[in-house]
Amino acid sequence: MEWRQMQSRKYDTSDQEMILNASAAQLQDLGFTIDETEGELGLLVASKERSAVNAGQVVGSIILAALTGAYVPTDHHQLFKASVVTRAFGENQESVVVRVTFQRIVWNDANQVSKIERINDEEMYLEFYSKLSKAIFLEDQQI
Amino acid sequence: MLNRIALFSLVILFAGCETTQERLMDSNENQMALRQMQTRSFDTTDRKFVLVSVINTLQDLGFVVESADVDLGTVTATKLDGYALKMTVTARTRGESQVTVRANAQYGLRAVNEPEPYQNFFAALSKAMFLEAHSVE
C-alpha cells in the first residue's frame, strides 16, 4: 500500500494519451531510452545505463587491499529500468492515475551482479512527479 | 605507503561521485538546454511519414531498430560499432501544422549531451524528408 502511494499520482484530466506522451518526454529528459510501449494499456518501459562507481566503496576497497592484500570488487555500472503505467480513474474516468516503478541492476568490476533492487527512495519518486507535473501544467495528487 | 593511499582516495573522492538519485534523474544536467538541443520541428502534419523517415534515417546511419510504436510515436534503435549507441526518437503533433521530433541518446554508460550528434541526426532526417528542421523554443 505504501509502495503504491509512493509510486502513484492522480491527475485531473481525462486525456490519458497526453499523460502518456508527457511521461515519455519526461523519461527522455531523464536520459532514458524507451524499450517498449503499449498505447492501449498505457504502458511505457524504459531503461538507461550509468556508472555505479561509489567513491566511498572504492576508497574502502583500496584501503582493505593495502592492508590485507585482498581485493574486494567494487560497483562498476548499473542498468536503471523504469516502467510507467497510466490508467483512467474515477466513475466517469475523469482523471488519470500514473504509477512509475524504478528498479536497478548493479554490476561490479568483476562483471558480477552485485545488486538487484527496486528503488524505494521516496525522494526519487517526488522528483519524478514534480517534473512531470510541471511539464503538463497540472497538480499531482496523492491517491 | 599509507599517505599515498590517502592521497589517492582523496583524489577519487574529489573526482566527484554522484548519488543514485542524481544518476537516476540525471539531476546534474541542464534539462531545458538539453531538450532544446534534442528537439526540432518540421512543417508537416503527417506524423506517420515522419516516423517512417526516422526509421529510414536511423537505418542509414547504421542503427538497428529495436522497437517502434506508431500510436505513441516512439522509435528506439541501437548502433553497435565498437561502441554501443542507443537512441530513442519520438514524434508528436505540435499545433495544427507541425510535428516535433525529439531524440535522446546514450553512449556506453553516459547520456549524449553534446549538440553535434543531434545536429547530424536532424540534418540527415531533414534531407530524408525534404523538409527544413526548425529549432523549438
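This is a short talk on one helix pair, the contact between two chains, two unusual backbone angles and the make-up of chain B. Please keep in mind that the model is predicted.

I'll start inside chain A. Helix H2, residues 16-29, packs against helix H4, residues 122-136. Their axes are 10 Å apart, and the angle is about 125°. Angles between 115 and 145 degrees fall in the oblique class, so H2(A) and H4(A) are oblique to each other. The crossing of the two is right-handed.

Which residues of H2(A) and H4(A) meet? On the H2(A) side they are Met18(A), Ile19(A), Ala22(A), Ser23(A), Ala25(A), Gln26(A) and Asp29(A). On the H4(A) side they are Lys131(A), Leu132(A), Ala135(A) and Ile136(A). Sorted by class, this contact has 7 nonpolar, 2 polar and 2 charged residues.

Next, the contact between the chains. Chain A puts in 34 residues and chain B puts in 30. On the chain A side, H2 and H4 come up again: each supplies at least two of the residues that touch chain B. The same holds for strand S2 (33-38), strand S3 (43-51), helix H3 (55-68) and strand S4 (75-89) of chain A. The class count for this side of chain A is 16 nonpolar, 9 polar and 9 charged residues.

Now the backbone angles. Most residues other than glycine have a negative phi. Here are two residues with a positive one, taken in turn.

Asn111(A) has a phi of about 60° and is not a glycine. Where does Asn111(A) lie? It is in the loop between strand S5 (95-108) and strand S6 (113-118) of chain A. Is Asn111(A) buried or exposed? Asn111(A) has 9 other C-beta atoms within 10 Å, and the limit for exposed is 12 or fewer, so Asn111(A) is exposed.

In chain B, Phe130(B) has a positive phi, near 55°. Phe130(B) sits in the loop between helix H5 (115-129) and strand S7 (134-135) of chain B. It counts as exposed because it has 7 C-beta neighbours inside 10 Å.

Last, chain B as a whole. It has 5 helices and 7 strands. Along the sequence the pattern reads α-α-α-β-α-β-β-β-β-β-α-β. Chain B has 137 residues, of which 32% count as buried. Among its contacts with a separation of 6 or more, 50% come from residues 24 or more positions apart.

That is the end of the talk.

Definitions and conventions:
Residues numbered from 1 in each chain as written. Chains lettered and ligands numbered in written order. Predicted model: local features only at pLDDT ≥ 70, side-chain atom pairs only at ≥ 80, totals over all residues. Axes fitted to C-alpha atoms, helices over the stretch in contact; angles between N-to-C directions. Helix = DSSP H or I, 4+ residues; strand = E, 2+ residues; numbered from the N terminus. Parallel < 35°, antiparallel > 145°, perpendicular 65-115°, else oblique. Left-handed = near helix turned anticlockwise from the far one by under 90°. Contact = placed C-beta atoms within 7 Å. Nonpolar A, V, L, I, M, F, W, Y, C, P; charged D, E, K, R; others polar. Buried ≥ 20, exposed ≤ 12 C-beta atoms within 10 Å, placed from the backbone.
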